[in-house]
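Work through the exercises below with the structure open. Try each task before reading its solution.

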Number of protein chains: 2
Amino acid sequence: MMKIDQKDRQILRVLAREGRISNLALAERVALSPSATLRRVQALEAAGVIAGYRAMLDPAKMGQGFVAYLSVGLKTHTKSAQAAFEQAMAAASEVRECHNVTGNVEYLLRVEAADLPAYKRFHTDILGALPQVSTITTYVVIGSPKDERK
Amino acid sequence: MMKIDQKDRQILRVLAREGRISNLALAERVALSPSATLRRVQALEAAGVIAGYRAMLDPAKMGQGFVAYLSVGLKTHTKSAQAAFEQAMAAASEVRECHNVTGNVEYLLRVEAADLPAYKRFHTDILGALPQVSTITTYVVIGSPKDERK
DNA sequence: CAATCAATGATGAAAATTGACCAGAAAGAC
DNA sequence: GTCTTTCTGGTCAATTTTCATCATTGATTG
């Protein structure tokens, strides 16, 4: 585990919001020389603190107007049932996130689809076809007042 | 709304995974000249299809070992109650995402905290203190077999 | 078939990246 | 206290990238 000082936190805070900021601008923002800044960023990347960089795409602007979170409960909690479910989720392009959680359900999914019919296809053809699944609850996203996903 | 062709989709697919790739490398990847590639990227940014770029930070490596999703139900569904709740979420640094959803709850939150005590503080002092909140259910994230958040 | 419009590729100047090298501060050993 | 050792920052220059401009290609329309 690497030690993260105040300057590192400053850098991370900036990069979390502006992942494509130039090293020069970043250096100026955190009041450091470009080379020192670069060294820190590289160290943070090497340590895995920065796992990568992503462009944030707007689903609506890409014709993916339908976003929902689903809670999924499994019939059995065997390792093989979980593995099979996770494999199906990995293969499903509509599934952007699949979190294994504690509580009265096993999984929480984020699903993005073009529209309601497309979502229905996923719901019935993919999820509904899985023998491990026992309960599905859909929470359609109306809006996201805050979204700092990183 | 801008039209997005196959090349654009290629570009987006690459940028979604490697947000900091150089324009030169991106151009090579999608088999286009650098200038044409840059123009497309700029158009996508201007159209809002690319909403921004983010560094993906590893919560665990930053001492934020505790990640949970919470479903939150409100007592009343007035506009003012929602606004007050959303404002509180915007102010809470532990809250990384706040989605307004349909279903038997109003909100779905993603919360990241250093550990269980830190989470408890958020749960009781912040969420518990809000008069609008009626129900809270916590789903602690054990693992994320898939996470393509963008 | 000519004209027009859109998109591409080429070019080059300006800017950014990135690593080598050096200086100074902090920590530890004696 | 002094001498190392280590760590972090700054400077600078070579390399690479960005990005605006311009000519060309190709498709579409009248």
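**Exercise 1.** Which base atom of DNA strand C does a polar side-chain atom of B:Ser35 approach, and at what distance?

*Solution.* Start with the ground rules. This is a predicted model, in which local features need pLDDT of at least 70, side-chain atom pairs count only at pLDDT 80 or more, and totals for chains, interfaces and linings use all residues. Residues are numbered from 1 along each chain as its sequence is written, chains are lettered from A and ligands numbered from 1 in the order in which they are written, and side-chain values use heavy atoms, with hydrogens and water left out.

Now find B:Ser35. Its polar side-chain atom lies 3.1 Å from a base nitrogen of DNA strand C. Next, go to the phosphates. An N or O atom in the side chain of B:Arg40 is 2.6 Å from a phosphate oxygen of DNA strand C. A polar backbone atom of A:Leu24 is 2.8 Å from a phosphate oxygen of this strand.

**Exercise 2.** Find which parts of DNA strand D are contacted by A:Arg39, A:Arg40 and B:Asn23.

*Solution.* Take A:Arg39. A polar atom of its side chain lies 2.8 Å from a base nitrogen of DNA strand D. Then take A:Arg40. Its side chain places a polar atom 2.7 Å from a phosphate oxygen. Finish with B:Asn23. Here a backbone N or O atom lies 3.0 Å from a phosphate oxygen.

**Exercise 3.** Which element gives the largest share of the surface near DNA strand D (near: a heavy atom within 4 Å)?

*Solution.* The answer is α3(A), with four residues.

Key
A polar contact is a pair of N or O atoms within 3.5 Å; within protein, one must be able to donate a hydrogen and the other to accept it, and residues adjacent in sequence count only if both atoms are side-chain atoms. Helices (H or I, at least four residues) and strands (E, at least two) are DSSP runs, numbered from the N terminus.
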